[in-house]
Amino acid sequence: MEIQSYKCPNCGGGLVFDPKTQKFKCEYCLSAFTEETLKEMEEAARKSEEASKPGGMPEAEKIESQKQAESKMVLYTCPSCGAEIVAQETTASTYCCYCHNPVVLSGSLDGKYRPDGLIPFEIDKKKAKEIFKNWIQKKKYVPDDFYSPRQMEYLEGIYYPYWMYSCQVSGEMQAEALRKRVTVSGEIEYIESRYHLEKKAELPIKDVARNALKQADRSLAETVLPFDMKKLRPFQAGYFLGFRAERRDREKEEFAQEIEQEIKQYTRESLQNSVSGYDHVDIRNHRETITGEKWNYAMLPVWMMTYPDPKNGQMYYFAMNGENGKVCGVLPVDSKKLVRLFLTIFIPVFVLLLLGGYMI
């Protein structure tokens, strides 16, 4: 597994991506570098590696590297302290738990696993905590441990893999419509008018997203959608610095039929909703044709925190869109707070009822 560690050219410290400035920052000497500078550093490192290995990687070594990448767990060596760390096979970026140096496991993003693009984090950890605190303050019956300072340290920025589907869909619909008119001439008389309707539409569908990581909770990973795909940038591994990144382990074929049915249903409902002014519409025929299908593999930023409930062992989640701050979560409930609420409301009401009955 190839390890990529980005070092500050000024002091040799590890670089991380700063969402606030959109630059790569050294946490030691506080130097900041643009994406162009990082690309130059990558190119220099690549040329240096090629010079040290004129013949390139031997075929046997390539085969062994590929086998290692396909295993369920990956062992890598931190280039800063030499420690051996075990990571999931889908992990593409992480920290060394000994020296805390951010590293990119670039070998896991080669070939078909190389993303078409990514959206960098725009919300840093400090801002993410503020958003979380404002959100959790409205949830009165959540255990205090869920948002304790210690628990807040588990808030982690992760680049999740998503498949993005785009296409062009043509829709046709034939229907019979009924319009009633009421005339009054001594007695009420109903007059019905029937119409034959034909509707057509051309709809562009862009960036229908699906979570491409099995271990991620699909409903949670997709609830943080949508992202502004206009902000998608060409893939650059340096954006992973300071964050965790997971490569995909689900292929687009798993979602193709589901998305196609979803788009056809959306087209059919759009045509039906465009008909108005009738008392009844009976759809006789419809057809949807999809063309120009296109899939993109993107890495999108999510702030994530998990909370294992010590009482029942159930895992709860908090997730935030790292681009726009949209929040969602599956939250635990503190039974003690609910009991206090019950007693606060029930006892006064019960006493009032007793007093009322006594007075009567």
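Reader: What counts as a helix or a strand here?

Author: Both are DSSP runs, numbered from the N terminus: helices are H or I with at least four residues, and strands are E with at least two. Residues are numbered from 1 along each chain as its sequence is written. This is a predicted model, where local features need pLDDT of at least 70, side-chain atom pairs count only at pLDDT 80 or more, and totals for chains, interfaces and linings use all residues, while side-chain values use heavy atoms and leave out hydrogens and water.

Reader: OK. How many helices and strands does the protein chain have?

Author: The chain has seven helices and 15 strands.

Reader: And how much of the protein chain is buried?

Author: Of its 360 residues, 38% are buried. Buried means under 20% relative accessible area, exposed means over 50%, and partly exposed lies in between, using a 1.4 Å probe and protein chains only.

Reader: What share of the contacts links residues 24 or more positions apart?

Author: Such pairs make up 70% of the contacts with a separation of 6 or more. A contact means heavy atoms within 4.5 Å.

Reader: Let's start at the front. Where does G14 lie?

Author: G14 sits in the segment before β1. G14 is buried, at 7% relative accessible area. Its C-alpha is 8.9 Å from that of S80, though the two are 66 residues apart in sequence.

Reader: Then comes β1. Which sheet is it in?

Author: An open one of three strands, ordered β1-β2-β3, with antiparallel pairing. Strands β1 and β3 (32-33) are at the edges with a single partner strand each, so each has one side without a neighbour in the sheet. Two strands pair if DSSP finds at least two bridges between them.

Reader: How many bridges join β1 to β2?

Author: Four, running antiparallel. D18 has K23 in β2 as its bridge partner. Between β2 (residues 23-26) and β3 there are two bridges, also antiparallel. There, F24 is partnered by F33 in β3.

Reader: Are the faces of β1 covered or open?

Author: Covered, on both faces. L15 and F17 are buried on one side, V16 and D18 on the other. In a regular strand the side chains alternate between the two faces of the sheet.

Reader: What's in the turn between β1 and β2?

Author: The two strands form a hairpin with four residues between them. Q22 is found in that loop. Its phi is near 60°, a positive value in a residue other than glycine. Q22 is partly exposed, at 23% relative accessible area.

Reader: Which residue in β10 also has a positive phi?

Author: D207, with phi near 55°. Its place is in strand β10 (residues 187-211). At 25% relative accessibility, D207 is partly exposed.

Reader: New topic. Where is there a cis peptide bond?

Author: Between L225 and P226, with omega about 5°. P226 is in the loop between α5 and β11 (233-234).

Reader: What about disulfides, how many?

Author: Zero. The rule asks for a pair of cysteine sulfur atoms within 2.5 Å. C167 is buried at 7% relative accessibility, and C328 is buried at 8%.

Reader: Pockets next. How much space lies in the second largest pocket?

Author: About 720 Å³. The search uses a 1 Å grid over the protein atoms alone: a cavity is a set of points where a 1.4 Å probe fits but cannot get out, and a pocket is an open set with protein on both sides within 12 Å along at least five of seven lines. Grid points are joined across faces, edges and corners, and the volume is the space filled by probe spheres set on the points.

Reader: What lines the second largest pocket?

Author: It is lined by 31 residues, with L155, E156, G157, I158 and W303 nearest its centre. Lining residues have an atom within 4 Å of a point. Elements giving two or more residues are β1 (15-18), β9 (156-185), α5 (218-223), β12 (244-246) and β13 (280-308).

Reader: How do the lining residues divide by type?

Author: Into 17 nonpolar, four polar and ten charged. Ala, Val, Leu, Ile, Met, Phe, Trp, Tyr, Cys and Pro count as nonpolar, Asp, Glu, Lys and Arg as charged, and the others, Gly among them, as polar.

Reader: Last stop, β14. Which strand does it pair with?

Author: Strand β14 (residues 315-321) pairs with β15 (residues 327-330), antiparallel, over four bridges. F318 stands opposite G329 in β15. The two strands form a hairpin with five residues between them, and G325 in the turn has a positive phi of about 85°.

Reader: And Y317, what does it touch?

Author: Leaving out residues up to four places away in sequence, Y317 touches L220, M304, M305, T306, G329, V330 and L331. The C-alpha atoms of Y317 and M305 are separated by 5.9 Å. Y317 is partly exposed, at 27%.
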